[in-house]
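Open the model in your viewer and keep the sequence panel beside it. The tour below moves from the whole chain to single residues.

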Amino acid sequence: MISFTVTAVVFGVVFLAELPDKTALAGLVLGTRYRASYVFAGVAAAFAVHVALAVAAGSVLTLLPQQLVQALTGVLFLGGAAVLLMKKDEDETEVRKPENQSFWKVSGAGFMLILVAEFGDLTQIMTANLAARYDDPLSVGIGAVLALWSVAAIGIVGGKALMRRVPLKLITKVAALLMLGLGLWSLGEAIAG
């Protein structure tokens with residue numbers, strides 16, 4: 001059974017944390033050079049792999065005592081908030097152009113770029129934390145993958161327009177505050193538990 005509340009919370013947290021990340025910029029760069037649907041197919045597949053790994057890692061954490069998991073989750077969320085607040089502006093990364101514009105070349109380039117660039121990224125760690133916190137791998141997985149796919153689509157299709165209207169620093173601060181709140185809440189539950 002899917003919990004829409006858990007899915008919505010995970011979507012919001014992961015979406016806000018990933019929006020100011022390099023993924024939106026990489027998607028924007030790839031989307032301006034190649035067919036958007038080909039880029040999205042590769043990026044979406046890479047994010048599905050990342051979420052599956054993160055949810056599996058988070059599910060393993062649920063085997064530990066609940067109070068320890070809550071404390072660990074709280075500390076990791078606070079660390080993630082600190083990383084976002086101290087983050088410098090990122091430049092567009094240079095993307096090597098595939099030799100042709102075929103589906104497999106373009107989607108493969110998008111897949112490899114995201115697979116390598118996002119491995120061990122903040123949102124992957126957050127997804128593992130959320131999977132451990134909620135002990136609902138399916139709801140967490142759906143929320144995280146939909147958030148990552150949404151950010152990728154925004155980056156590929158309309159990144160420039162969004163960044164002109166909403167300052168990246170504001171998005172980063174909102175994501176950091178959300179993570180700070182989740183971290184304090186988790187630590188509070190660990191202490192009270």
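**Whole chain.** Colour by secondary structure. This predicted model shows eight helices and zero strands in the protein chain. Read along the sequence, the pattern is α-α-α-α-α-α-α-α. Now colour by accessibility. Of the 193 residues, 43% are buried. The accessible surface of the protein chain comes to about 9800 Å², and carbon and sulfur atoms account for 70% of that. Turn on contacts between residues at least 6 apart in sequence: 93% of them join residues at least 24 apart.

**Stop 1: the core.** Select Val10, Val14, Val39 and Val140. In the largest nonpolar core, which has 31 residues, these four touch the most other members. Which helices each supply at least two residues of this core? They are helix 1 (4–18), helix 3 (36–61), helix 5 (103–117), helix 6 (122–134) and helix 7. Helix 7 gives the largest share, eight residues.

Centre on valine 39. Setting aside residues up to four places away in sequence, Val39 touches Leu30, Gly31, Tyr34, Val106 and Ile156.

**Stop 2: threonine 127.** Go to helix 6, where threonine 127 has its place. Is threonine 127 buried or exposed? Its relative accessible area is 1%, so threonine 127 is buried; the cut-off for buried is under 20%. Show its contacts, leaving out neighbours within four places in sequence. Thr127 then meets Val14, Val51, Ala54, Val55, Val140 and Ala144. Val14 and Val140 are already on your screen: both are among the core residues that touch the most other members.

**Stop 3: aromatic pairs.** Show the rings of Phe, Tyr and Trp. A pair of aromatic rings is described by the distance of the centres and the angle of the planes. The whole structure holds four aromatic pairs.

Start with phenylalanine 11 and phenylalanine 15. Their rings are stacked, 5.6 Å centre to centre with 15° between the planes. Both residues sit in helix 1, four residues apart, so about one helical turn separates them. Phenylalanine 11 is partly exposed, at 28% relative accessibility. Phenylalanine 15 counts as buried, at 17%.

Next, select phenylalanine 40 and tryptophan 149. The ring centres are 6.5 Å apart and the planes meet at 70°, so this pair is edge-to-face. Phenylalanine 40 belongs to helix 3 and tryptophan 149 to helix 7, so the pair ties together parts that are 109 residues apart in sequence. How accessible are the two partners? Phenylalanine 40 is partly exposed at 27% relative accessibility. Tryptophan 149 is partly exposed too, with a relative accessible area of 30%.

Finish with Tyr38, Phe103 and Trp104. Ring pairs link these three into a cluster.

**Stop 4: the start of helix 3 against valine 157.** Select alanine 36, which is found in helix 3. Alanine 36 has a relative accessible area of 32% and is partly exposed. Now add valine 157 and draw a C-alpha to C-alpha distance. The two residues are 121 apart in sequence and 7.1 Å apart in space.

**Stop 5: the loop between helix 6 and helix 7.** Select aspartate 135, which lies in this loop. Aspartate 135 is exposed, with a relative accessible area of 52%; the cut-off for exposed is over 50%. Check the backbone. What is phi of aspartate 135 near? The value is near 50°, positive in a residue other than glycine. Most residues other than glycine have a negative phi.

Then add glycine 58. The C-alpha atoms of aspartate 135 and glycine 58 are separated by 8.1 Å, with their positions 77 residues apart along the chain.

**Stop 6: a nonpolar surface patch.** Switch to a surface view. Which residues make a nonpolar surface patch of about 330 Å²? Select Ile2, Phe4 and Leu138. Leucine 138 is found in helix 7 (residues 137–165). With 49% relative accessibility, leucine 138 counts as partly exposed.

**Last view.** Keep helix 7 selected. Helix 7 supplies eight residues to the largest nonpolar core. Tryptophan 149 of helix 7 pairs with phenylalanine 40 of helix 3. Leucine 138, also in helix 7, is part of the surface patch with Ile2 and Phe4.

Methods
Residues are numbered from 1 along each chain as its sequence is written. This is a predicted model: local features need pLDDT of at least 70, side-chain atom pairs count only at pLDDT 80 or more; totals for chains, interfaces and linings use all residues. Side-chain values use heavy atoms; hydrogens and water are left out. Buried means under 20% relative accessible area, exposed over 50%, partly exposed in between (1.4 Å probe, protein chains only). Contact means heavy atoms within 4.5 Å. Accessible areas come from the Shrake-Rupley method with a 1.4 Å probe; for residues, only the protein chains shown count as cover. Patches are made of residues with over 30% relative accessible area and no salt bridge: like charges are joined within 9 Å, nonpolar side chains (Val, Leu, Ile, Met, Phe, Trp, Tyr) within 5 Å. A salt bridge is a side-chain nitrogen of Lys or Arg within 4 Å of a carboxyl oxygen of Asp or Glu. A nonpolar core is a set of buried Ala, Val, Leu, Ile, Met, Phe, Trp, Tyr and Cys residues joined through side-chain atoms within 4.5 Å. Rings of Phe, Tyr and Trp (its six-membered ring) pair if their centres lie within 6.5 Å; planes under 30 degrees apart count as stacked, over 60 as edge-to-face and the rest as tilted.
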